[in-house]
Amino acid sequence: MSLRLHPDLTTADTDYGTVLLDQRDGRYWQLNPSAALIVRILARGGDRTEAVDALLEQFDVAAERARQDVSCLVDELTSAGLAVDQ
């Protein structure tokens with residue numbers, strides 16, 4: 001499954017990850033580097049497995065934790081109306 005970000009969402013990379021700006025209400029969301037990696041992979045059409053694999057490659061994290069992190073982030077973004085899980 002890929003993730004489609006809401007069209008009114010603007011992203012900006014920072015030294016600390018990525019900032020999302022919801023232009024509908026002016027709210028900012030700060031993503032740490034691992035969350036930013038997940039969003040980039042899913043938004044470009046990658047699936048959850050690819051996001052988990054990227055986390056395992058770039059961060060010292062257990063496979064189960066990486067799967068949970070991907071799932072949790074996707075759930076949070078979709079429940080906040082920032083993305084649609086396709």
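Begin by selecting the three strands E2, E3 and E4, which form an open sheet in that order with antiparallel pairing; as you look, keep in mind that this is a predicted model. At the edges of the sheet you will find E2 (9-14) and E4, each of which pairs on one side only. If you turn the view to compare the directions of neighbouring strands, ignoring which way they run, you will see that they are turned by 20° against each other on average. Strands of a sheet pair through backbone hydrogen bonds, either parallel or antiparallel.

Now narrow the selection to E2 and E3, which run antiparallel and are joined by six bridges. One pair to pick out is Thr11 and its bridge partner in E3, Leu20.

Next, select helix H1 and colour its buried residues, which are Ala35, Ala36, Leu37, Ile38, Val39, Ile41 and Leu42. What do the buried residues of H1 pack against? They pack against the strands E1 (3-5), E3 (17-22) and E4 (27-31), and also against the helices H2 and H3. Just beyond, H1 is followed by Gly45, whose phi is positive, near 105°.

From here, move to the largest nonpolar core, which has 22 residues, and show those with the most contacts inside it, namely Leu31, Ile38, Val70, Leu73 and Leu77. Helices H1 (33-43), H2 (48-58) and H3 (63-79) each supply at least two residues of this core, and the largest share, seven residues, comes from H1. To follow one residue in detail, centre the view on Leu73, which, leaving aside its neighbours within four places in sequence, is in contact with Leu31, Ala35, Ile38 and Val39.

The last stops are salt bridges, of which the count comes to four. Select Asp22 and Arg24, whose side chains meet in a salt bridge at 2.8 Å, N to O. Is Asp22 buried or exposed? Asp22 is buried, with a relative accessible area of 5%, whereas Arg24, at 42% relative accessibility, counts as partly exposed.

Then go to Glu50 and Arg44, where the side chains also meet in a salt bridge, 2.8 Å from N to O. Here Glu50 is partly exposed, with a relative accessible area of 32%, while Arg44 is exposed, with a relative accessible area of 58%.

Finish in helix H3, where Arg65 and Asp69 lie four residues apart, about one turn of the helix. An α-helix has 3.6 residues a turn, so residues three or four places apart point the same way. The side chains of Arg65 and Asp69 meet in a salt bridge (2.8 Å, N to O).

Definitions and conventions:
Residues numbered from 1 in each chain as written. Predicted model: local features only at pLDDT ≥ 70, side-chain atom pairs only at ≥ 80, totals over all residues. Heavy atoms only, no water. Core = buried A, V, L, I, M, F, W, Y, C linked by side-chain atoms within 4.5 Å. Buried < 20%, exposed > 50% of the residue type's maximum accessible area, 1.4 Å probe, protein only. Contact = heavy atoms within 4.5 Å. Pairing = 2+ DSSP bridges. Axes fitted to C-alpha atoms, helices over the stretch in contact; angles between N-to-C directions.
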